[in-house]
Amino acid sequence: MWIPPRECSMPFALWVNETTKITSRYFLLQHRKGHGGVRGFSSMLVGTLDNVLDTKPSPYRILHYQPSTGLCYEIAADITLEAIMADWDWLAKNLFRVINEMETEEEITNFTICKIQSLLAHCARPSSEDQNDPASFQAVVSKFREKFHMPEDEKLVNYYYCNHLRKIPRQGQLYLSLNHICFYSYILGSESKLCFRYNELTEIKKSGNTITLRTSPAKEYTFMFLYSPAEAYQLIEQLSKLTMQKMIQDPDRPLVDHDPVVQKKMEKNVTQKTQLLRDLTARQQSDEYRIHFRVPKSELLDGMIKASLWAPYNKKHINGMLYLSQNYLCFRSDVLAMVALVIPLSKIVSVEKNDDPHNRFSNRIIITTSDGNIFVLQHILDREFLINKISELLSKTVPPTRVPDDLNWVKQEPLMHLFMDPNNRAFDDLQAEKMKRWEEHFSMYGRGISMFRTTDTINLVIEGIPDQLRREVWLIFSGAVHMKMMNPGLYQELVTRAKDQNPVSFEEIERDLHRSLPEHPAFQTNIGITALRRVLQAYALRNPEIGYCQAMNIVTSVFLIYCDEEDAFWILSCLCESLLPDYYNDRVVGAQIDQGLLDELIAAQLPSLHVKLTELGMIRMISLSWFLTIFLSVMPYESALHIIDCFLCDGAKVIFIIALKILEWNQDKLLNCNDDGEAMQLLSSFLMGIFNDEVQRIKIVDKEKQQLKSQSVQTLIYEAYLKFGKAISSQKIEELRNKHRRITVHQLEKDLENSVIKNYKDNGYFDSEELRMLLCYTKDEKISVKNRARPTSGNGSEPAYDMTVLNDAKKRFRDNRYDCFRVDYETFRRLFVELTPWGHCQNVDIAEKLFRLMDKQSCGYLEFKQLIFAVGIICSRRATEKLKLLYILHLPPLLSAQELETSSVSESRDSDTEVATEAESFFSDNPIETIKSLPSPIDISLEATDGESLSLSHFNATPNLSMDETISTHAETSSIFYVDLPTSSGSLPGGAAGTSSGAAGGAVSGTSGYGNANLGEVESFGSRSDISDLGFNRFSLDEGTSRRGGTTEARSISGLRIFLDEPDSNFTYKTIPNMGQKNFISLWTTLLEILNKERKVTDQEVQTSYKTLISLGEDVVMTGRDDSNDSFTQLAFPTAMDSSDGGFDPNGNPSSSSSSERTPKHADHGGATEAIWEISLNQFVATAMSVGVIDEQFSLPFSIKSRVETLQRNRRKCKS
């Protein structure tokens, strides 16, 4: 990489010259000591110094050298020898010859510097965001990816120098990327690496200058910093938060993607931080900005600047911070909660400068809004920039569109107007008194979105909101009004769409409609129920990830009483997405997070009660029912209404301070309770007795909630704010939520793991601890595969699935609670290679064969129980079952003839594969083999003829992954165990003429024997594993039918899956077919690979058993065989023994011989004889088990626990 030429004062200190083929006296290629092949003491010392000190020179560089003066200029630097050699080669090609013709060294130097500068100018074009960072940071990024083997899309955020505290502290660098925490240290030639993901973190703790990280496998890592680690700590917290949120949304892929926001904002002063770090800082500030001012989630903070706001209500200037985003201008005072202001840019009419003649440094601007409000801001450091920025954003502001009113349904107005007592004079007087106080407040502080929000406003909310103002106050303070302004007409569109749709959530809504605030008369009629239905259905369509959750109906009912249905819809959206995030989903994760938060607050504020509640196990019981409905389900409606007022105006802190006050009032009684039932009854009675001492619009009588009065809700709210309001802020709530989000997500994962282990504990292969290790490693590997480029299978292909079948399978998985543990092909392949003793085999891609065999539902995924079987049987000590599985994986169609043909002409074989070559020469010694082998119907069954093309996706979504689809459909094969069928018109029973094409697996070709009427039955075979229902020995060719190519592979793979149901059974040829010559060669080669990874097995018993199996296979040709050893081909084409009406010989030719006659295993076909060499499963297993080395090797168990522990340890230490 070319760099701006700079003078180098010490060219040879700590650097070593490299030897190159092409040299020049004016250029030097050097590498830093500590790099390259030399590893002396000085190299170790230099490497240690570079690692400890804040010096990160590139390990390779090119110098321009003046021999006479010794002056040097560094012109290129890079981190790899290959990269620096590319620059050296360019110099040799373009400069070496030219500079030799120059007269003076000064001329050479000037020419070289000018040439390098021109190269830099030519290469300086707009590039990716990484290249916008300083060159020194780009070098660090390259080293990070090289040392920790990170993919290109894994972005490094920042790195810090620190000590990793162990028995011996190690100085090094802590690298923080989007998804990984890494540490690297190099001390005196000793490297130390550490790497783990944020989703493994369970606790992040900062104490002084140290940061302690705890991970899920009970590991703890402590890092000590020389300076304050505040930035590193905040960054780890933020990245952990993003990862946990991703885990809640998508547990299968908790990887954080980078969506840059810095490029979307205009900055005046760009800091020296990297762009990604600035981006994440901007995200963090935007999150805090949105939470404080309740603006929509789409708002990105563009900038903030110091300013003072003129407060007309007290005639003072209030110092604070001015915030600017795409659609809002906001102000917050430096003094907490003194004043806050939100001005939508769409409301701004003018922004003008107004200088104070008596104060030249006032820098005042005046902002005028469309509703007549005037705001004065002054003491702005850079007024011109702020005005230009506001003007730019105003030019991009789109005015709100008008929503058409031509709806075929009537929007329901607030239900309180329909259900009221017109003669309730006391209630009217109370409302008039409240309205008077609020009108006075509005006259002083303003009204609407841009009112001055002060502590007086919150105090007024605590005293009570008049019914006719609730809609306005709820919309403004909750932030729902902003969502409504930015999405005009969305509610009407969703209601219209809901009429034509019927998702599952709609059925759940219908079940709960009449259980929504049934004590209120509005929901005892069709008016309230219809409006509630529309709101809930519209939100289910707006947010399908949530859809509908119980408790949403209860809170929405309250909103509908005081708001029209569109406003109720937006307040519900704000509640579910901002105020109580992740509460309303199938796992109520948000409520469980707040359970832990409440538990910590009780421990801090009421320590003695916390001990008692922990003993009783009540924290979970009280918080879930209290928080989900905002106390509506546990106290009278008119009392909970006041808590909802405070909650929508002051945020989630309200429910926590209310809960703490209730527990404090009942602390003495709870400490005397003997069990959780008594304590819950005590709290339930107290909550039902909380009353509202104000006169109500209508008297709601609920017999179930009639209790003795315990305390007024006004006193409860006032005392809660007085005791806990200052100690518990919204900022603290957010910090604690981040902490308990990690704990809760990991606890949910652990609970699910325990459930899976309990469900599969009787699997027969792994104990509970091994199952847990397999679970954890499977999850890790799934994440790694998704973050890694997809490798191809051994034959250059990867699974391809029919998308219709795949989508149907995903629907089946949707209701499966263990679907997060299912694995796709690539994940299974990685697990197979790393966790099984067969993973090293190269002859046949066993992982692919095994995946296709296990994938019963043809969906492209294996459920966890299938993974347990696949890995368990190979790692077990059950030698017989392992040999049976190995045999089946080498049968067609799992191992196709095309794959065998491809492998026969592939690259040169290794030492083990040479045995297969000897096997072929052994076969060639047989005189029968000199007869030319004929094309096989089984061999071409997976290809299409001109008249009838095959479509495997109709029957099985898992095609033959070993097939080379480019092979000609008429290609001949050299496989001798196949037989030929007539390919031209010929006599078939009943006089039918046609062509035939068969397949391995013992199934009749095409629809033979079924006819067109039964084609659906043939298609269903692909999803069955019980071979007994298929009845291989009962297949016959009916008269009047023609034999066609078709569903052979689907049926044959399904037939082989009987092994999965009964692996310890004694199978016969009727269930597991016999094996031919080339498949046996491949099987034996794989067996030798398993026995010995590195050298050819010379055990005499192995060679003897090999010759024995060859002899057994030849007996098929030389002698007859009883029924138990009938060939695989005979199973597909019954002989005369199976039909009294006339059958077919093994080659498919008509035969009139009686059932008592034996049919030879070869037949005339144009003067040639086809040899049938085959062995059965039982012959192979019995012969192999008689060999001591095979029996010993296959009887050895493979410890998956120790293997996983080793892999996890190596992964953390970045070892291969």
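Me: Through how many residues does a hairpin join β7 to β8?

Reply: In this predicted model, the hairpin from β7 to β8 runs through two residues. Strand β7 covers residues 170-177, and strand β8 covers residues 180-187.

Me: In which sense do β7 and β8 pair, and over how many bridges?

Reply: The pairing of β7 with β8 is antiparallel, over four bridges. As a point of reference within the pair, L174 stands opposite F183 in β8.

Me: What joins strand β6 to β7?

Reply: Strand β6 (residues 156-164) runs antiparallel to β7, and eight bridges join the two. They also form a hairpin, with five residues between them. Two positions help to fix the register: Q173 in β7 is the bridge partner of Y161, and L176 in β7 has N158 opposite.

Me: How should one read the side chains along a strand, and is β7 mostly covered or uncovered?

Reply: In general, side chains in a regular strand alternate between the two faces of the sheet. As for strand β7, eight of its eight residues are buried, that is, each has under 20% relative accessible area.

Me: What is the order of the strands in the open sheet?

Reply: The sheet has seven strands in the order β9-β8-β7-β6-β12-β11-β10, with antiparallel pairing.

Me: Why is one side of β9 and of β10 left without a neighbour in the sheet?

Reply: β9 (190-197) and β10 (201-207) stand at the edges and have a single partner strand each, so one side of each lacks a neighbour in the sheet.

Me: By how many degrees are neighbouring strands of this sheet turned against each other on average?

Reply: The average turn between neighbouring strands is 30 degrees, with direction ignored.

Technical notes:
Residues are numbered from 1 along each chain as its sequence is written. This is a predicted model: local features need pLDDT of at least 70, side-chain atom pairs count only at pLDDT 80 or more; totals for chains, interfaces and linings use all residues. Side-chain values use heavy atoms; hydrogens and water are left out. Buried means under 20% relative accessible area, exposed over 50%, partly exposed in between (1.4 Å probe, protein chains only). Two strands pair if DSSP finds at least two bridges between them. Axes are lines fitted to C-alpha atoms, for helices over the stretch in contact, and angles run from 0 to 180 degrees between N-to-C directions.
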